[in-house]
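This report looks at the pockets and strands of one protein chain. Have the structure open while reading.

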Amino acid sequence: LSFALSAGLGLAVAVALARRLTRPLRELSAAAHQVGAGQRPQLADTHGVAELDALAQSFNQMSEEVQRLLDNRTTLLAGVSHDLRSPIARMRMALELAQPHLEPQQYAAMERYLEQMNQLIGDYLDFAQSGARRAPQRIDLAPFLKDLCNEAGNDTPVQFNGANIRALIDPLALERIIGNLLNNALRYGAPPISVTLAPENHNAIITIADHGPG
C-alpha cells in the first residue's frame, strides 16, 4: 500500500510538472501559426523558468520585427504604385490628343501598353492591400471557375471540365492566380485552352492547359 501510494504521488507530480513545462511550448506553437497568418501574438514571459521566459521574450521581439517589415513593405508598394498612376493618366491623355496624328495600329499598340502598365500597378496595389491575410470563404469552385473562363474567353473560348468541389479559399487571391494564368495562355499559347477541376487526396487540383510552343 505504501509503495502504491508513493508511485501514485510520484506520477501525479510528474504529470503536473510535465504540463507546466509543455504548456508554454504549446502556446509558442500556436503563436507561430498566428504569425504566419499575419497576426501579432504576444507570449507571456512569467512562467518562472528562465529559459522559457527568455524564449518568450525573443519570440515577441521577432514577431514585432516581422510585422514591422510587412508594414513597411505594404506602405512602400502602395505608395509607389499609387504615384505611378498619375503619369500614366497623363500619358493616356496625351495619347488621346495625339490620336489624329498616329496610325491606327500605333495607337492601338500604345493604348494596349498603357493598359498593361495600369493592370500591373493594380496588381501591386492589390498585393500591398492584402498583406494581412483575409478570412477564407467556403465556395463552389465549379461555377466560380466557369465565370472566370467566360470572362477571359471573349475572343478565344476557354473550356471548363470537372465536377463541383467545395473548398475553403480566399476568392480574390484565387481569382488573381487563375486570371494571370489564363491571360498568359491566351496571349502566348494556342487553342484549345482548357481549365480542369479534379479532386485528389482531399485537395482540389486546378489545371490550365493550352497548346502553345511552351
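In this predicted model, the largest share of the lining of the second largest pocket comes from helix α3, with six residues. Helices α3 and α5 are the elements that give two or more residues to the lining of the second largest pocket. Among its lining residues are Arg 112, Glu 115, Asn 180 and Arg 187.

For the largest pocket, α5 gives the most to the lining, with seven residues. Helices α3 (104-129), α4 (141-152) and α5 (171-188) each supply at least two lining residues there. Of the 16 residues that line the largest pocket, Glu 151, Ala 152, Gly 179, Asn 183 and Leu 186 lie nearest its centre.

| Pocket | Volume | Lining by class |
|---|---|---|
| Largest pocket | about 440 Å³ | four nonpolar, six polar and six charged residues |
| Second largest pocket | about 340 Å³ | one nonpolar, five polar and four charged residues |

The strands come next. Strand β1 (residues 137-140) runs antiparallel to β3, and four bridges join them. Gln 137 stands opposite Ile 169 in β3. In a regular strand, side chains alternate between the two faces of the sheet. Strand β3 (residues 166-169) shows this alternation: Ala 167 and Ile 169 point to one face and are buried, while Arg 166 and Leu 168 point to the other and are not buried.

Strands β4 (residues 193-200) and β5 (residues 203-209) are also antiparallel, joined by seven bridges. Ser 194 in this pair stands opposite Ala 209 in β5. Two residues lie between the strands of this hairpin, where Asn 201 takes a positive phi near 55°.

Key
Residues numbered from 1 in each chain as written. Predicted model: local features only at pLDDT ≥ 70, side-chain atom pairs only at ≥ 80, totals over all residues. Heavy atoms only, no water. Pairing = 2+ DSSP bridges. Buried < 20%, exposed > 50% of the residue type's maximum accessible area, 1.4 Å probe, protein only. 1 Å grid on protein atoms, 1.4 Å probe; cavity = no way out; pocket = protein on both sides within 12 Å on 5 of 7 lines; lining within 4 Å. Points joined across faces, edges and corners; volume = space filled by probe spheres on them. Nonpolar A, V, L, I, M, F, W, Y, C, P; charged D, E, K, R; others polar.
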